[in-house]
Amino acid sequence: MIETITSSQNPKIKLLLQLQQKSSERRKAGLFVVEGRRELMHCLEAGFEIESVFWCPSVEVATEPMPALPDGVRLFEVSKAVYEKIAYRGSTEGVVAEVRTRQLSLADLQLPERPLVVVLERVEKPGNLGAVLRSADAAGVDAVVVCDPLTDLYNPNLIRSSVGGFFSVPCVACSSAECIGFLKQRGIQILTAQLQDSSLYYDVDMQRATAIVMGTEATGLTNQWREAADAHIRIPMLGRIDSLNVSVSAAVLMYEAVRQRKNY
């Protein structure tokens with residue numbers, strides 16, 4: 001049965017807006033928000049549980065078909081005015097969904113014999129993390145680990161900027177100490193991206209099991225990662241600026257691993 005909502009004061013709409021705006025509400029409800037038909041399709045393919053779908057038939061943009069929804073999903077038809085209230089961008093094709101959160105741990109990761117893992121320490125901008133996940137999907141990365149996170153993994157900006165990468169690449173949040181222990185135990189070499197005492201990234205072997213570790217643009221990595229590293233790597237900077245956006249740097253390093261492994 002489809003319910004109709006025409007007022008932005010409806011309790012379901014108020015909750016949806018709170019889920020978009022507050023990480024505390026996402027944790028409390030165990031829900032996060034997904035916009036767009038393509039994103040919803042990726043979400044379903046990854047096995048996430050859809051709680052509710054808000055659909056606006058008067059929105060004409062529809063580049064993707066509406067995915068088939070599992071039994072039990074609540075479907076709400078909303079007016080165009082309500083949709084404009086809940087949609088972050090106009091190109092989401094009239095679909096916004098509430099989805100159950102799912103917390104992966106390091107123990108849940110199923111890695112191949114020579115995994116490629118990307119580790120991000122204390123990255124605080126959700127858009128950067130989303131962009132890294134998008135590149136990680138393109139480069140066939142096996143997992144992204146976010147250590148001591150300063151952003152909520154279910155932040156809507158992260159979900160949007162990953163363009164589905166959040167659902168296709170396993171993403172785990174944990175402490176740096178936990179991640180270092182995990183990598184060491186499994187014989188995965190740790191390559192830290194840093195300017196000091198480092199080698200050019202293309203001179204370092206990435207064909208073996210590898211974790212590429214990056215910190216914030218402002219402060220870089222903490223000493224525990226520098227000391228745990230098997231090698232330090234850097235991207236040559238030929239201009240006046242001494243750093244790249246973390247998502248750009250991550251993409252460069254991921255694709256060097258792709259080149260060395262010839263995974264294409």
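The following exchange examines how several descriptions of this predicted model are justified.

User: Why is Lys12 called buried?

Analyst: Lys12 has a relative accessible area of 19%, and buried means under 20%, so Lys12 is counted as buried. Lys12 is found in helix α1 (residues 11–21). Leaving aside neighbours within four places in sequence, Lys12 is in contact with Ile5, Ser52, Phe54, Arg74, Phe76 and Glu98.

User: What makes strands β3 and β5 a pair?

Analyst: Pairing requires at least two bridges between the strands. Five bridges join β3 (residues 50–55) to β5 (residues 95–100), so the requirement is met. These two strands run antiparallel, and Val53 stands opposite Ala97 in β5.

User: How do you know that β3 and β4 also pair?

Analyst: Four bridges are found between β3 and β4 (residues 74–78), where at least two are needed; the two strands therefore count as paired. Their pairing is in the parallel sense. In β4, Arg74 is the bridge partner of Ser52, and Glu77 is that of Trp55.

User: What makes β1 and β2 the edges of the sheet?

Analyst: The open sheet consists of five strands in the order β1-β4-β3-β5-β2, with mixed pairing. β1 (2–5) and β2 (31–35) each have a single partner strand, so one side of each is left without a neighbour in the sheet. On average, neighbouring strands of this sheet are turned by 25° against each other, direction ignored. Helix α3 (residues 37–45) packs on the sheet and touches β2, β3 and β5. The direction of α3 makes about 165° with that of β3.

User: Why is the contact between Glu51 and Arg100 called a salt bridge?

Analyst: The closest N and O atoms of Glu51 and Arg100 are 3.3 Å apart. The cut-off is within 4 Å, so the pair qualifies. Glu51 lies in strand β3 and Arg100 in strand β5, so the salt bridge ties together parts that are 49 residues apart in sequence.

User: Are Glu51 and Arg100 buried, partly exposed or exposed, and what makes them so?

Analyst: Partly exposed lies between under 20% and over 50% relative accessible area. Glu51, at 24%, and Arg100, at 28%, therefore both count as partly exposed.

User: How do you know that Lys184 and Asp230 form a salt bridge?

Analyst: Their closest N and O atoms are 3.9 Å apart, and the cut-off is within 4 Å, so the pair is accepted. The pair links distant parts of the chain, 46 residues apart: Lys184 belongs to helix α8 (residues 176–185), while Asp230 is in the loop between α9 (223–228) and β12 (231–234). Lys184 is partly exposed at 41%, as is Asp230 at 46%.

User: What makes Glu256 buried, and how is Arg259 classed?

Analyst: Glu256 has a relative accessible area of 6%, and buried means under 20%, so Glu256 is buried. Arg259, at 41%, counts as partly exposed. These residues form a salt bridge, with the closest N and O atoms 2.6 Å apart. Being three residues apart in helix α10, they are separated by about one helical turn.

User: Which residues have the most contacts inside the largest nonpolar core?

Analyst: They are Phe32, Leu120, Val144 and Phe166, in a core of 45 residues. Helix α10 (residues 246–261) supplies the largest share of this core, six residues. A second, separate core has 22 residues, including Leu106, Leu183, Ala209 and Leu221.

Key: Residues are numbered from 1 along each chain as its sequence is written. This is a predicted model: local features need pLDDT of at least 70, side-chain atom pairs count only at pLDDT 80 or more; totals for chains, interfaces and linings use all residues. Side-chain values use heavy atoms; hydrogens and water are left out. A nonpolar core is a set of buried Ala, Val, Leu, Ile, Met, Phe, Trp, Tyr and Cys residues joined through side-chain atoms within 4.5 Å. Buried means under 20% relative accessible area, exposed over 50%, partly exposed in between (1.4 Å probe, protein chains only). Contact means heavy atoms within 4.5 Å. Axes are lines fitted to C-alpha atoms, for helices over the stretch in contact, and angles run from 0 to 180 degrees between N-to-C directions. A salt bridge is a side-chain nitrogen of Lys or Arg within 4 Å of a carboxyl oxygen of Asp or Glu.
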